[in-house]
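Work through the exercises below with the structure in view. Try each task before reading its solution.

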Amino acid sequence: MRWKWGYVLLLPLLVMLSGCQKKVTVKTPTQAPTAFATSSQYATQTDQRHRQQLIAFIKKGLLTKQGIYTNYRDTKKRTTGAATGHELLSESSGMWLQYLATTKQWKKFQRFYRVTKKTFDDHGQFSYRYDPRTKKRHTVNATLDDLRIIRALLAYDQMHQTKTYRREATQRYQTLVNTSIKDGHLVNYYDTHTKKATTTGSLAYFDLKTLAYFEKGTKKGRANYRKQLTVVQGGYLGDVFPLYAASYQWTTSKYSSASLNTSEALTTLLHLAEVGKLKATSRRWLVQRLQQHNLENGYTTTGTVSVGGESAANYALAAMIFAAIKDQAHYQLAMKDVWRLQVTKSSAAIVGGIGDAKTDQAYSYNNLTALNAALK
């Protein structure tokens, strides 16, 4: 749920499916998790200095005992469609857990994961949003955010060389298989109150590396993974504009023609890059956007700009894509644009953070995406 600096992702009000299907059991994978976290390979001394300033801001301005503020500035009124101000998102907690695992902060990871469960746990899945002011926990998850937290658990075991969280991660994935990934049909969310799920899956939600880890152990799982990969690849918009459709409707087998949120579009490319499926055309398009300094915040499916402006999160996602394909030169190029948007004025309330120093608007998604990109 992003706004302005890596902007809004609304939970769609779509046709719902009944939740009364036979439950499927997922076995804990026997293979150790690998490549779910990487230590810094490409960061320069300049990157490291910027990163330390960013970490200091996040700890001081966004990190709380319950999670991560959505924005440094609070709001008097809440909105229905998206989190604002000092509301908390499971998305942000997952990103912070990824940072703690990658940087081998074991005790802090353990404590923050306990906090994450206390704040967001809802019948085995994570509520996507919590308001500490009203103590309201929303009854829907966001499947990508659950997968991100599960991935952080796997990253901990990978980096710590343990089996501490593997069973926990499997149990969490088990819940998703019986709610928002039934029969391999990954969808955006499941409502624990109505016990129903949407029928639409945003292609950005298909975390292919995490899905493959759990699915490839059985014949049915491998078939489900092939189905998921096929759905993502089938959303390719063509060589002229080599990105992917925003979403797929399982009931009609059709892709959305809606304009693309660039953060989501790049997340789709990142997931493909992580499993060796990034198209050369997509890579070239992204390189051109960086070289020409025109990576915009939104595009139509034909490639025209629908939302102007730039986002540090988009540059950070681009950096992670290049890191995934081991393209150090373009990783550095993308990170230069990330740091260009960091607040450096010492008198600013959000110094070290990424946002608008004039209004003190600094969104967690931008800051945390930048932080995790800086660890590649």
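## Exercise 1: The largest cavity

The largest cavity is lined by Ala204, Tyr244, Ala245, Ala246, Leu260, Asn261, Glu264, Ala265 and Thr268. The model is a predicted one, in which local features need pLDDT of at least 70 and side-chain atom pairs count only at pLDDT 80 or more, while totals for chains, interfaces and linings use all residues. Residues are numbered from 1 along each chain as its sequence is written, and side-chain values use heavy atoms, with hydrogens and water left out.

Task: Find which elements give two or more residues to this lining.

Step 1. Fix the terms. A cavity is a set of points on a 1 Å grid over the protein atoms alone where a 1.4 Å probe fits but cannot get out, and lining residues have an atom within 4 Å of a point. Helices (H or I, at least four residues) and strands (E, at least two) are DSSP runs, numbered from the N terminus.

Step 2. Name the elements. Strand E12 (260-261) and helix H8 each give two or more residues. H8 gives the most, with 3 residues.

Step 3. Add the volume. The largest cavity holds about 60 Å³ of space, where a volume is the space filled by probe spheres set on the grid points, joined across faces, edges and corners. The count of cavities of 30 Å³ or more is 2.

## Exercise 2: A helix and its cover

Task: Decide whether helix H6 (residues 208-215) is largely enclosed or not, and state what covers its buried residues.

Step 1. Apply the cut-offs: buried is under 20% relative accessible area, exposed is over 50%, and partly exposed lies in between (1.4 Å probe, protein chains only).

Step 2. In H6, 8 of the 8 residues are buried, so the helix is largely enclosed by the rest of the structure. Among them are the charged-type names Lys209 and Glu215.

Step 3. The cover includes helix H4 (143-160), helix H5 (166-177), helix H7 (219-234) and helix H8 (262-274).

## Exercise 3: A three-stranded sheet

Task: Give the strand order and say which strands stand at the edges.

Step 1. Two strands pair if DSSP finds at least two bridges between them. The open sheet of 3 strands runs E2-E5-E6, with antiparallel pairing.

Step 2. Strand E2 (88-89) and strand E6 (136-137) each have a single partner strand, so one side of each is left without a neighbour in the sheet.

Step 3. E2 pairs with strand E5 (residues 129-131) over 2 bridges. Leucine 89 has arginine 129 of E5 as its bridge partner.

Step 4. Look at the loop between E5 and E6, where lysine 135 is found. Its phi is near 60 degrees, a positive value in a residue other than glycine. Lysine 135 counts as exposed because its relative accessibility is 62%.

## Exercise 4: A buried aspartate

Task: Which side chain of opposite charge is nearest to aspartate 122?

Step 1. Place the residue: aspartate 122 is in strand E3 (residues 121-122).

Step 2. Lys and Arg count as positive and Asp and Glu as negative, while His and the chain ends are not counted. A salt bridge needs a side-chain nitrogen of Lys or Arg within 4 Å of a carboxyl oxygen of Asp or Glu.

Step 3. The nearest is arginine 137, 5.6 Å away, and the buried aspartate 122 has no salt bridge.

Step 4. With contact meaning heavy atoms within 4.5 Å, aspartate 122 is in contact with Ser127, Arg137, His138, Thr139 and Thr192, leaving aside its neighbours within four places in sequence.

Methods. 1 Å grid on protein atoms, 1.4 Å probe; cavity = no way out; pocket = protein on both sides within 12 Å on 5 of 7 lines; lining within 4 Å.
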